[in-house]
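Biologist: I am new to this structure and would like a close look at a single part of it. Please set the scene first, then choose one part and walk me through it.

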Amino acid sequence: MGSTRWRWMVWVGAGISVVGLAFFLWEEGLDRANQWAGVLGLFVGLAGLVLSVTGGVRGRGGGQSADGAAVGGSVRMVRDVKGDVVIGGGAAPGPVPDASATPVTDAAGDGQSARGIRAGGDVNLVDGVEGSVRFGEQQQP
């Protein structure tokens, strides 16, 4: 299911829900509708508080992104390593691939992404390693 279709369905569902709630409150009368609105407002407020607190806690991790990058060499993103990191040369740098080249569209880990990247060399995403990370020896052109 496409993203546009999903958004359209969410908006239609939200609209139907609002119209249904308005009809329900209209049928209840002014006094009962006021009571219902108070109770519903309490739960909406609590849900907003929970979402803002959990979003703030999750957002503190800090992400790494190379989305849309176009480089002639290698792209290496390393995060949260508790040991030595040895990075060799990897593939020799090449020209920046043109837009018709097949881009890397994968994402790795929590908060690391390399979507739509074009690289003339290697693309490495490393996250959460307890030991050492080695990429290999330098290759001469």
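Modeller: Let me start with contact, which means heavy atoms within 4.5 Å. In this protein, residues 24 or more positions apart account for 60% of the contacts with a separation of 6 or more. What you see is a predicted model, where local features need pLDDT of at least 70 and side-chain atom pairs count only at pLDDT 80 or more, while totals for chains, interfaces and linings use all residues. Residues are numbered from 1 along each chain as its sequence is written, and side-chain values use heavy atoms, with hydrogens and water left out.

Now the overall plan. The protein has two helices and nine strands, taken as DSSP runs (helices H or I, at least four residues; strands E, at least two) and numbered from the N terminus. Along the sequence, both helices come before the strands, in the pattern α-α-β-β-β-β-β-β-β-β-β. Of the 141 residues, 13% are buried (under 20% relative accessible area; exposed is over 50% and partly exposed lies in between, with a 1.4 Å probe and protein chains only). The protein exposes about 10200 Å², an area from the Shrake-Rupley method with a 1.4 Å probe, where for residues only the protein chains shown count as cover. Carbon and sulfur atoms supply 60% of that surface.

How far can you trust the picture? The mean pLDDT (the predictor's confidence in each residue, from 0 to 100) is 75, and 71% of the residues reach 70 or more. Among the elements, helix α1 has the highest mean, 92, and strand β5 (residues 107–108) has the lowest, 47. Over residues 105–109 pLDDT stays under 50, and the model has 10 contacts beyond four places in sequence for this stretch. Where pLDDT is low, the predicted coordinates should not be read in detail.

For the close look, I choose the place where the two helices meet through an aromatic pair. A search of the whole structure finds one such pair: rings of Phe, Tyr and Trp (its six-membered ring) pair if their centres lie within 6.5 Å, and planes under 30 degrees apart are stacked, over 60 edge-to-face and the rest tilted. Here Phe24 and Trp36 have ring centres 5.3 Å apart and planes at 80°, so the pair is edge-to-face. Phe24 sits in helix α1 (residues 3–28) and Trp36 in helix α2 (residues 30–58), so the pair ties together parts that are 12 residues apart in sequence. Phe24 is partly exposed, at 33% relative accessibility, and Trp36 is partly exposed too, with a relative accessible area of 33%.

Leu25 also belongs to helix α1. Setting aside neighbours within four places in sequence, Leu25 touches Ala33 and Trp36. The C-alpha atoms of Leu25 and Ala37 are 8.3 Å apart, across 12 residues of chain.

Next, look for the salt bridge, a side-chain nitrogen of Lys or Arg within 4 Å of a carboxyl oxygen of Asp or Glu. The search of the whole structure finds one, in which the side chains of Arg32 and Glu28 meet at 3.3 Å, N to O. Arg32 has a relative accessible area of 42% and is partly exposed, and Glu28, at 27%, is also partly exposed.

Finally, follow the surface to Val39, which lies in helix α2 and is partly exposed at 41%. Together with Leu42, Phe43, Leu46, Leu49 and Val53, Val39 forms a nonpolar surface patch with about 560 Å² of accessible area. Patch residues have over 30% relative accessible area and no salt bridge; nonpolar side chains (Val, Leu, Ile, Met, Phe, Trp, Tyr) are joined within 5 Å, and like charges within 9 Å.
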